[in-house]
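Welcome! Let's take a friendly walk through a protein, starting with its overall layout and ending at its surface.

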Amino acid sequence: MTSEPVPDVPHHAPHVVEPIRARRMVVLDTSMQVLYPSILVLGLYFLFAGHNRPGGGFVGGLVIGAAISLRYVARGVGAVRSSFRLPAHVILGTGLLLSATTALVPVLLGGSVLEHGDKEFDLPLFHHVKITSALPFDIGVALVVIGLVVMAFEAFGDEQAIDDPASAGPPVDEPPEGER
């Protein structure tokens, strides 16, 4: 988005700060419609192919984070918030819980931390498939990265916090509850 000064604000007062209105860019909006889903698919590919090839949860999460960044630049924090049904801290916490659980379950089963197992079988559409226990760990890492990216963009563009009375502290004139 580009910014331009509001034309109806007088320019003669030096202390007046001109408000800025955002203007949408057609090229960015059009390219985002093609690039956003494509980048998400690439990130999912890196996530699922990463255990046996270059990639993994961190790289997949970073690529998906790049798609979220593009969405933020093109449409703002509202578009980032509408992309996910869950709040960012829930996405991050779920990823951390999944990764920690995947790392510690082998210990409960008599193995070592992060020890993994695998299972191979044939599926009609996919032919020979190998699934490892490292996949849930990678998914957890990707969720942590995605949650952090979404949290960062919410913090950058959070204009709601100014208008939200719940996020404001006690009024300046009133002392806190314990000091009355």
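## The overall layout

The protein's secondary structure comes to six helices and four strands. Keep in mind as you look around that this is a predicted model. If you follow the chain along the sequence, the elements appear in the pattern β-β-α-α-α-α-β-β-α-α.

How much of the protein is buried? Of its 180 residues, 27% are buried. We can also ask about contacts along the chain: among those between residues at least 6 apart in sequence, 56% join residues at least 24 apart.

## A pair of strands

Now find strand β3, which covers residues 118–123, and strand β4, which covers residues 127–132. The two strands run antiparallel, and six bridges join them. A hairpin of three residues leads from β3 to β4.

To see the pairing up close, look for E120, which stands opposite K130 in β4. While you are there, here is a handy rule for reading strands: in a regular strand, side chains alternate between the two faces of the sheet.

## Inside the protein

Nonpolar side chains tend to be buried together in soluble globular proteins. Which residues make up the largest nonpolar core here? There are ten of them: I64, I68, V80, A88, I91, V145, I146, V149, V150 and F153. Three helices each supply at least two residues of this core: α2 (57–75), α4 (88–108) and α5 (134–156). Helix α5 gives the largest share, with five residues.

V150 is a good core residue to zoom in on. Leaving aside residues up to four places away in sequence, V150 touches I68, V80, F84 and A88. There is also a second, separate core, made of six residues, and among them are L28, M32, A67 and L70.

## Out on the surface

Let's finish on the outside. The accessible surface of the protein comes to about 12400 Å², and 66% of that belongs to carbon and sulfur atoms. One nonpolar surface patch, of about 350 Å², is made by L104, V107, V113 and L114.

Take L114 as an example: this residue lies in the loop between α4 and β3. Is L114 buried, partly exposed or exposed? Its relative accessible area is 47%. Buried means under 20% and exposed means over 50%, with partly exposed in between, so L114 counts as partly exposed. A patch like this takes residues with over 30% relative accessible area, and L114, at 47%, is one of its members.

Key: Residues numbered from 1 in each chain as written. Predicted model: local features only at pLDDT ≥ 70, side-chain atom pairs only at ≥ 80, totals over all residues. Heavy atoms only, no water. Pairing = 2+ DSSP bridges. Core = buried A, V, L, I, M, F, W, Y, C linked by side-chain atoms within 4.5 Å. Buried < 20%, exposed > 50% of the residue type's maximum accessible area, 1.4 Å probe, protein only. Contact = heavy atoms within 4.5 Å. Areas by Shrake-Rupley, 256 points an atom, 1.4 Å probe, with all protein chains shown as cover. Patch = residues over 30% accessible without salt bridge, like charges linked within 9 Å, V, L, I, M, F, W, Y side chains within 5 Å. Salt bridge = Lys/Arg side-chain N within 4 Å of Asp/Glu carboxyl O.
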